[in-house]
Amino acid sequence: IKSSLWLLMFVTTVAIGLSILISYRISASLTNPIETMIGKVDRIANGQYGLTLHATNQLELQHLTHSINQMSSRLKESFNTIMNDKIYREQILNSLPVGIITINDKTSEITLNTSAIKLLNKNEEQVKELASIKGVEVNEEFWRILSSKKACNHTKVPFITSEGQRFLLVS
């Protein structure tokens, strides 16, 4: 009885050890593909559009992998379309002989087309700086209108450059 009891204890211990080892291996085989998938989805979310996941042997994850790959390729196509449209609009704005300054109310980002840069003889950073300063003496009315949040329509403003005085129509 005593030797049978020791044999039973040994077999039970070995069975428990093997079951823990097998459980760990099964768990790793289930979670490793998911962790890899999460890492790549995070990279897609951070702007690496077009990144694809490798197909897994697990039937449950194959459909999810396919859907994520489709989403990633569509995001890349959408991003490329948006960038091409942006470049196209910038080319149109830069080809106009009229100076155009745009200000984003939310971010205070200022953009100038080529004609505006030539007319003002200033880049975007310099314009942003001058628009934020109160009491600029030269071309004060223009900078006041530019820095204010109020809408103005067809306001004629004198603007002095190195070439002389001009009148700008500000809207």
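Start by selecting Glu125, which sits in helix α4. In this predicted model, Glu125 is exposed, because its relative accessible area is 57% and the cut-off for that label is over 50%. Now add Glu109 to the selection and draw a distance between the two C-alpha atoms: you should get 9.4 Å, for a pair that is 16 residues apart along the chain.

**Next stop: α4 and α5**

Keep α4 (124-132) on screen and add α5 (140-147). How do the axes of α4 and α5 cross? They cross at roughly 95° and come within 8 Å of each other. An angle from 65 to 115 degrees counts as roughly perpendicular, and α4 and α5 are therefore described that way. To see what fills the contact, show side chains for Val127, Leu130 and Ala131 on the α4 side, then Trp143, Leu146 and Ser147 on the α5 side. Colour them by residue class and you will find five nonpolar, one polar and no charged residues in this contact of α4 with α5.

**Two loop residues with positive phi**

Step back from α4 to the loop that joins α3 to α4, and pick Asn121 there. Asn121 has a phi near 60°, a positive value in a residue other than glycine. Is Asn121 buried or exposed? With 62% relative accessibility, Asn121 counts as exposed.

Then jump to His154, in the loop between α5 and β3 (155-161). The phi of His154 is near 50°, again a positive value in a residue other than glycine. His154 counts as exposed too, at 60% relative accessibility. If you keep a Ramachandran plot beside the viewer, Asn121 and His154 are two points to pick out on the positive-phi side.

**A buried serine**

Go to helix α3 (residues 114-120) and select Ser115. Ser115 is buried, because its relative accessible area is 16% and the limit for that label is under 20%. What does Ser115 touch, leaving aside residues up to four places away in sequence? Show Leu96, Pro97, Val98 and Gly99, and you have its partners. A view centred on Ser115 with these four neighbours as sticks lets you look at the contacts directly.

**The two helices at the start of the chain**

Now select helix α1 (residues 2-45) and helix α2 (residues 59-95). Their axes lie 11 Å apart, and the helices pack at an angle of about 10°. Angles under 35 degrees count as roughly parallel, so that is the term for α1 and α2. For the contact, show Pro33, Ile34, Met37, Val41 and Ile44 from α1. Opposite them, on α2, display Leu61, Leu64, Thr65, Ile68, Met71, Ser72 and Leu75. By class, the contact of α1 with α2 holds 10 nonpolar residues, two polar ones and no charged ones.

While α2 is in view, pick Arg74, which belongs to this helix. Arg74 is exposed, with a relative accessible area of 53%. Add Tyr49 and draw the C-alpha to C-alpha distance: Arg74 and Tyr49 are 8.3 Å apart in space, with their positions 25 residues apart in sequence.

**Zoom out to the whole chain**

Finally, switch to a cartoon of everything. The chain has five helices and four strands. Trace it from the N terminus and you will meet the elements in the order α-α-β-β-α-α-α-β-β.

How far does the C-alpha trace span along its principal axes? About 115 × 35 × 25 Å. The radius of gyration is 33 Å, whereas a compact globule of 171 residues would have a value near 16 Å.

Turn on a surface for the last look. The chain exposes about 13,300 Å², and carbon and sulfur atoms supply 59% of that area. Of the 171 residues, 19% count as buried; Ser115, visited earlier, is buried as well. If you would like to end with a contact map, take the contacts between residues at least 6 apart in sequence: 23% of them join residues at least 24 apart.

Conventions
Residues are numbered from 1 along each chain as its sequence is written. This is a predicted model: local features need pLDDT of at least 70, side-chain atom pairs count only at pLDDT 80 or more; totals for chains, interfaces and linings use all residues. Side-chain values use heavy atoms; hydrogens and water are left out. Axes are lines fitted to C-alpha atoms, for helices over the stretch in contact, and angles run from 0 to 180 degrees between N-to-C directions. Angles under 35 degrees count as roughly parallel, over 145 as roughly antiparallel, 65 to 115 as roughly perpendicular and the rest as oblique. Contact means heavy atoms within 4.5 Å. Ala, Val, Leu, Ile, Met, Phe, Trp, Tyr, Cys and Pro count as nonpolar, Asp, Glu, Lys and Arg as charged, and the others, Gly among them, as polar. The radius of gyration is taken over C-alpha atoms; the globule rule is 2.2 Å times the number of residues to the power 0.38. Buried means under 20% relative accessible area, exposed over 50%, partly exposed in between (1.4 Å probe, protein chains only). Accessible areas come from the Shrake-Rupley method with a 1.4 Å probe; for residues, only the protein chains shown count as cover.
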